[in-house]
Amino acid sequence: MFKCGRSNRMKKIESKKVAYLLNFIAICIFFGILMILFKKEVFGSRTSYFQGICTTACYTIIMVASLNLLTGFMGEFSLGHAGFMSVGAFSSAILTNYLAESGIPSFVLFLMCLLVGGIAAGITGIAVGVPALRLRGDYLCIVTVAFAEIIRVAFCNFKITGGGKTMSGITRLSNFYWVFWVMVICVTIMYMYVRSRYGRTVMAIREDYIAASASGINVTYYKVLTFTISAFFAGIAGAIYAHYMTAIIPTNFNFNYSAEFLTEVIIGGTGSLTGSVIGAAFLSALPELMRQFSNYRMLAYSIVLVLVMIFKPSGIFGTYEFSLVRVINRLLGKSTTGSTASKKTVQEVE
Amino acid sequence: MLELKDVNVSYGAIHAIHDASLTVQDGEIVSLIGANGAGKTTILHTITGLKEATSGSIRYNDLDLRATDASKLISYGIAHVPEGRHIFPGMTVLENLEMGAYSQGKNTELLEKNKALVFERFPRLKERYRQLAGTLSGGEQQMLAMGRALMGNPKILLLDEPSMGLSPLLVKEIFSIIKYCHEMGITILLVEQNAKMALGIADRAYVLETGNITISGDAKELLADERVKKAYLGQ
């Protein structure tokens with residue numbers, strides 16, 4: 001039972017490929033449906049409004065999933081994730097303003113923005129992570145809050161970031177169709193990271209860092225690595241945000257914004273990327289769906305949060321990952337014991 | 001051969017270990033006994049590098065352990081089983097064992113061989129290989145911690161209070177496992193409160209009292225030593 005024979009392994013890889021393919025098809029179908037809805041203008045005059053909600057949901061998903069890498073898989077709370085988003089947003093916005101007249105095709109420019117935003121945030125992540133990750137738990141949490149505040153105050157005073165005024169006139173590069181696929185790719189990469197040897201190592205550090213160290217794991221290295229990856233994706237989300245809003249102000253990326261992401265991670269389920277996808281999509285759409293309650297909107301939002309925490313304290317998904325393959329297997333009545341590579345589907349709720 | 005020479009360790013202003021010197025020859029079982037707070041765990045942590053010594057030298061063969069990172073030790077053949085069974089509670093038994101083989105990279109052949117060996121010695125772990133480690137009983141967790149250390153192909157095992165919080169029957173079981181490891185050719189440094197058992201199994205022993213190594217020598221002689229009898233055996 002414990003021998004992993006060659007034939008057995010071949011089968012495993014095959015079913016993993018099939019699983020990825022199935023999920024890809026499901027995502028394509030979901031994307032197709034959304035596209036048809038938007039192209040046929042089913043929502044009439046509200047089409048662009050719905051598209052906006054979906055775009056917001058997409059970058060929120062990237063943010064929440066990246067924060068879940070830290071909170072759920074590495075077990076460290078960060079209350080300054082909006083700081084990394086801010087770095088990504090401003091660095092990419094500066095790039096676009098600089099290249100606006102250069103005639104680069106907008107798709108290429110969009111990709112460049114994402115990359116620059118991500119890398120800038122990633123470098124900041126290393127700079128913060130190397131000294132801060134010597135700390136654990138509450139102490140690290142306080143450092144991340146401090147970091148986000150430093151970024152906010154610094155950007156309020158730098159000339160290049162608008163010096164506290166709104167930085168406006170950024171070319172609108174983000175549209176729903178591109179952002180959707182960027183989100184799919186980002187979440188897939190994060191999922192693969194979590195399921196890899198690296199991800200297992202990071203989870204071992206979360207479980208017990210002394211034992212991890214005794215098993216030969218360089219704890220600091222993996223913590224900084226994960227922190228950097230998380231910051232990188234937050235930077236990408238920031239770049240999308242900047243080129244969707246077209247106007248950004250440093251004070252937007254404040255403590256409340258960071259706390260909002262953390263809430264979404266916890267509601268979705270710490271340690272579940274599919275939970276993050278659904279939690280983020282649900283919670284970013286919720287305030288919009290409740291527009292009719294006007295002033296009582298935020299009250300209803302809080303009630304939803306309280307209810308989830310009472311009835312499902314581990315979040316909607318807990319540490320469980322939704323797996324399309326498992327669902328199909330169950331529908332077909334196959335046994336689910338074969339360790340089919342369960343892969344999350346990124347589509348579901350938007 | 002593991003050798004500590006005049007090692008001093010401090011926690012801030014508190015001088016926890018005073019000029020401790022001890023050696024563990026290849027193939028030996030050496031016990032380090034002492035009361036609560038004597039500094040037994042501190043010495044182990046200093047050896048592995050989880051705690052830094054303020055002075056003195058710690059060598060394993062030609063390797064300077066003071067300059068070696070804790071995570072590198074397993075690749076040099078030094079396995080540390082920390083006090084209080086530091087297992088990974090949220091991972092399955094199998095995953096725990098696989099983490100023990102982390103330092104060997106992707107050497108699946110060795111992994112399978114060691115896994116078979118551990119499962120043969122610990123049938124309980126085999127029965128429960130898909131169970132979350134946090135749901136195991138105390139004794140099973142201790143077995144898992146030791147099994148995980150064995151997955152790394154160690155030459156020397158540093159055991160920190162393996163009998164802690166276990167029933168007498170399980171303590172016997174754990175000690176028979178230690179003997180088995182020794183028969184496999186693994187050198188053992190055993191830190192224990194259970195002086196009688198620890199001295200019974202060891203070749204040599206050291207007694208640690210408030211940071212000082214006060215008595216050392218042949219384990220059988222120490223078992224008969226009046227001072228040890230009085231302080232630890234309650235006779």
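1. Salt bridges are a good place to start: a search of the whole structure turns up 12 of them over all chains. Bear in mind throughout that this is a predicted model. A few of these pairs deserve a closer look, and I take them one by one below.

2. The pair I'd look at before the others is A:Arg200 with B:Glu95, whose side chains meet in a salt bridge at 3.5 Å, N to O. A:Arg200 sits in helix H7 (residues 197–207) of chain A and B:Glu95 in helix H2 (residues 93–100) of chain B, so this pair joins two chains. A:Arg200 is partly exposed, with 27% relative accessible area, and B:Glu95 is partly exposed too, at 22%.

3. Next, A:Arg206 and A:Glu207. They form a salt bridge in which the closest N and O atoms are 3.2 Å apart. A:Arg206 counts as partly exposed at 29% relative accessibility. A:Glu207 has a relative accessible area of 18% and is buried, because the cut-off for that label is under 20%. I'd keep that cut-off in mind when reading the label.

4. Over in chain B, the side chains of B:Glu140 and B:Arg124 meet in a salt bridge at 2.5 Å, N to O. B:Glu140 belongs to helix H5 (residues 138–151) of chain B and B:Arg124 to helix H4 (residues 123–127) of chain B, so the bridge ties together parts that are 16 residues apart in sequence. Buried or exposed: which is B:Glu140? At 5% relative accessibility, B:Glu140 counts as buried, whereas B:Arg124 is partly exposed, with 37%.

5. Which residues do shared salt-bridge partners join into one network? The members are A:Arg200, B:Glu95, B:Glu98, B:Glu112 and B:Lys115. The interchain pair from point 2, A:Arg200 and B:Glu95, is thus worth viewing together with B:Glu98, B:Glu112 and B:Lys115, which belong to that network as well.

6. On to helix packing in chain A. The axes of helix H4 (residues 106–132) and helix H9 (residues 219–245), both of chain A, come within 6 Å and cross at roughly 140°. That angle makes H4(A) oblique to H9(A); the label for roughly antiparallel applies over 145 degrees. The crossing of H4(A) and H9(A) is right-handed. Sorted by class, the contact of H4(A) with H9(A) has 15 nonpolar and 8 polar residues, and no charged ones.

7. One more spot in chain A: A:Ile94, placed in helix H3 (residues 81–99) of chain A. A:Ile94 is partly exposed, with a relative accessible area of 26%. How far apart are A:Ile94 and A:Thr161 in sequence and in space? They are 67 residues apart in sequence, yet 7.6 Å apart in space, C-alpha to C-alpha.

8. Now the sheet in chain B. It is an open sheet of 6 strands in the order S6-S7-S8-S3-S9-S10, with mixed pairing. The edges are strand S6 (78–81) and strand S10 (212–218) of chain B, each of which pairs on one side only. On average, neighbouring strands of this sheet are turned by 15° against each other, direction ignored. Within the sheet, strand S7 (residues 156–160) and strand S8 (residues 187–192) of chain B pair in the parallel sense over 5 bridges. To find the register, look at B:Leu157, whose bridge partner in S8(B) is B:Ile188.

9. Then there is the hairpin of chain B. Strand S1 (residues 2–11) and strand S2 (residues 14–24) of chain B pair in the antiparallel sense over 7 bridges, and B:Val7 has B:Ala20 as its bridge partner in S2(B). There are 2 residues between S1(B) and S2(B), and B:Gly12 in the turn has a positive phi of about 60°.

10. Finally, two backbone angles to check by eye. B:Asp6 has a positive phi of about 45° although it is not a glycine. B:Asp6 lies in strand S1 of chain B and, at 41% relative accessibility, counts as partly exposed. What is the phi of B:Thr210? B:Thr210, again not a glycine, has a positive phi of about 35°. B:Thr210 is found in the loop between strand S9 (204–209) and S10 of chain B, and with 63% relative accessibility it counts as exposed.

Notes:
Residues are numbered from 1 along each chain as its sequence is written. Chains are lettered from A and ligands numbered from 1 in the order in which they are written. This is a predicted model: local features need pLDDT of at least 70, side-chain atom pairs count only at pLDDT 80 or more; totals for chains, interfaces and linings use all residues. Side-chain values use heavy atoms; hydrogens and water are left out. Axes are lines fitted to C-alpha atoms, for helices over the stretch in contact, and angles run from 0 to 180 degrees between N-to-C directions. Helices (H or I, at least four residues) and strands (E, at least two) are DSSP runs, numbered from the N terminus. Angles under 35 degrees count as roughly parallel, over 145 as roughly antiparallel, 65 to 115 as roughly perpendicular and the rest as oblique. A crossing is left-handed if the near helix is turned anticlockwise from the far one by less than a right angle, and right-handed if clockwise. Ala, Val, Leu, Ile, Met, Phe, Trp, Tyr, Cys and Pro count as nonpolar, Asp, Glu, Lys and Arg as charged, and the others, Gly among them, as polar. Two strands pair if DSSP finds at least two bridges between them. A salt bridge is a side-chain nitrogen of Lys or Arg within 4 Å of a carboxyl oxygen of Asp or Glu. Buried means under 20% relative accessible area, exposed over 50%, partly exposed in between (1.4 Å probe, protein chains only).
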